Amino acid sequence: LLPTVTISLMIASTRMVKRKVLVRKIDAIETLGCVSVLCSDKTGTLTSGCMTATDIVTYADGFTSCRCTGAEWAAPVLNASVLSLAQCGILNNSSKPNREGVMAGSPTEVAIMEACTRVFGDDRMQYQEQNPQVFEIPFNSETKWMLTIHADDLQPGAFRMVLKGAPERVLAMCTCVLNESSTVELSDQRRGEINTHLHKLMSGGRRVLCFAEMRLDGYADDFVFEGSSPEKCNFPMEGFTWVGLIGLEDPPKEGVKDAIAVLDNASCKTVMVTGDHPTTAQAIATRIGILKPGELDRMPQEIRDYTVIAGGDLAKYLPGGDGFENAAFDDEQMEFWRKTVQHARVFARVSPVHKRVIVRAYQQIGGAIVAMTGDGVNDAPALKAAEVGVAMGIR
């Protein structure tokens, strides 16, 4: 019997190779047929990962939103606020040109650089040389922002800090709004208007990044910037000036909606697990069939609260240790996780730790056989925890 099973699995792995699937552990093929929950990352897995900057929001005596694609992106350059936003997008960017001169890096960074370069044209590289980067705090899943500091070669002792990241995190660090060449106070009314534009973009499935800046004057040219978080920095990390928003479109992969329908017919539930904002995640989930149009509006409130869950809510109920088996839970925590594994379809603004806990919850509380798909390093803990881990793409 054992040789028969082994040969059958080998035949199955050969067939999967023809579909561009490499099987690392042959017993995963058998487990694949028993999967009842598929947890999937969004960007690059459910979506194409081919980012395009499509929208900008800036302030010039009032907030303006402009949908700009292709050559049209250069049209609003007459607005000084848009030019400042393009400067921030060029300076705070980790993409680099490869040997062929094509920008390489994460799809998000490349999309921002390409869009902002269309505003700058051939002056982009000269501008980067005039404002060399002297310090960086890289993006991480906890802070959800990236900071770069740049020297001004034309003004000794002057530095420009550029902050880029999740809108809710960056906006919380701002006190002013850039108004072309001046600034105005970030009042409650202006903050509300920013959030209105933000919600509109995310409801359309856009991934939105917020940009802010701060000028530092009177520092020595050889000042050494230090720190990895606002509490540890030897320079101010409050009082930024809000510069603008950039919306990015990442369309669903071809065939994803049909694949989710096939899984649904096979009684396998698909769950989106992403670091994006809940509104963006919900919009994409609706487009690809994880959620039905208008489904949330028709749900009872007690179910709706557990259908789209944000990482901030998960953090309140995280178990101690490796999983749920030996964790000390009160009744409220256990009830949360029971309802979560029963009703959740979208997890948003989650960290790598959250992804792993979500997989464990479906296994240990929901009694499910879980497959996890992802294409990034941040998916690795969850891929390893799942019965079937599917690493996708080449980057």
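Hi everyone, let's start in the middle: strand 8 and strand 11 (residues 207-216) run antiparallel and are joined by seven bridges. Before going on, a word on what we have here: this is a predicted model, in which local features need pLDDT of at least 70 and side-chain atom pairs count only at pLDDT 80 or more, while totals for chains, interfaces and linings use all residues. Residues are numbered from 1 along each chain as its sequence is written, and side-chain values use heavy atoms, with hydrogens and water left out.

Some vocabulary, too. Strands (E, at least two residues) and helices (H or I, at least four) are DSSP runs, numbered from the N terminus. Two strands pair if DSSP finds at least two bridges between them.

Back to strand 8. In its pairing with strand 11, M161 stands opposite M214. Strand 7 (residues 145-151) also pairs with strand 8, in the antiparallel sense and over seven bridges, and there A151 stands opposite F159.

So is strand 8 (residues 159-165) covered or not? Seven of its seven residues are buried, where buried means under 20% relative accessible area, exposed over 50%, and partly exposed in between, using a 1.4 Å probe and protein chains only. In a regular strand, side chains alternate between the two faces of the sheet. Here F159, M161, L163 and G165 are on one side, R160, V162 and K164 on the other, and all are buried.

Next, helix 4. Eleven of its 14 residues are buried, among them P107, V110 and F120. Why do we expect helix 4 (residues 107-120) to span 20 Å? Because its 14 residues count 1.5 Å each, and the end C-alpha atoms are indeed 20 Å apart; the expected span is 1.5 Å times one less than the number of residues. Just after helix 4, G121 takes a positive phi of about 70°.

For contrast, please find K96, in strand 4 (residues 96-97). K96 counts as exposed because its relative accessibility is 54%. Leaving aside neighbours within four places in sequence, K96 is in contact (heavy atoms within 4.5 Å) with V102, M103 and A104.

Finally, there is an open sheet of six strands, ordered 14-15-13-1-16-17, with parallel pairing. Strand 14 (308-310) and strand 17 (388-391) stand at the edges with a single partner strand each, so one side of each has no neighbour in the sheet. Inside this sheet, strand 13 (residues 269-273) and strand 15 (residues 346-348) pair in the parallel sense over two bridges, with M272 opposite V346. Thanks for listening!
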